[in-house]
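Thanks, everyone. Let me put the structure up, and then I'll go through a pocket and two residues.

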Amino acid sequence: MKYYIDLLVNNGSRHLGILLAISLHYFDKAAEILLATKLVTIAAPLVESCIEAGKWPETGTEIKDRVFVEYAKYLVSLNNVDVALKYCEMGGEKGKQLGEELRICAQ
């Protein structure tokens, strides 16, 4: 089924590809498409809610970390550093590095 998701995305029907991925429980694929299309404000809540519901696949760690780091960067651009630090902690090693940089700049 991932073939059909990729087919939709490549043919310009990204929204349909995202909906198909979510409906088939390919949440990591949906997050990857959202991140690729610069829709990090949608990808981060999707990933976070999937994790809270226990539906996030164990193989999706890399995309999860990328989503949270990009979302933290977005929040920093809005001067929302406190919340950005929360997402940095959830963003794996790169997120922790970004969090340290933010803490140093905030001092």
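I'll start with the ground rules, then the pocket, then the helix.

This is a predicted model, where local features need pLDDT of at least 70, side-chain atom pairs count only at pLDDT 80 or more, and totals for chains, interfaces and linings use all residues. Numbering runs from 1 along each chain as its sequence is written, and side-chain values use heavy atoms, without hydrogens and water.

Pocket now. The largest one has a volume of about 160 Å³. A pocket here is an open set of points on a 1 Å grid where a 1.4 Å probe fits, with protein on both sides within 12 Å along at least five of seven lines; lining residues have an atom within 4 Å of a point. Its lining splits into seven charged residues, two polar and one nonpolar, with Gly counted as polar. α5 (61-77) and α7 (92-106) each supply at least two lining residues. α5 gives the most, six. Helices are DSSP runs of H or I, at least four residues, numbered from the N terminus.

Next, helix α3, residues 27-36, which holds D28. D28 is buried (under 20% relative accessible area, 1.4 Å probe, protein chains only), yet D28 has no salt bridge. That would take a Lys or Arg side-chain nitrogen within 4 Å of a carboxyl oxygen of Asp or Glu. The nearest side chain of opposite charge, K2, is 4.8 Å away. Beyond four places in sequence, D28 contacts W56, P57, T59, G60 and I63; contact means heavy atoms within 4.5 Å.

K29 is also in α3. K29 counts as buried because its relative accessibility is 15%.

Definitions and conventions:
Points joined across faces, edges and corners; volume = space filled by probe spheres on them. Buried < 20%, exposed > 50% of the residue type's maximum accessible area, 1.4 Å probe, protein only. Lys, Arg positive; Asp, Glu negative; His and termini not counted.
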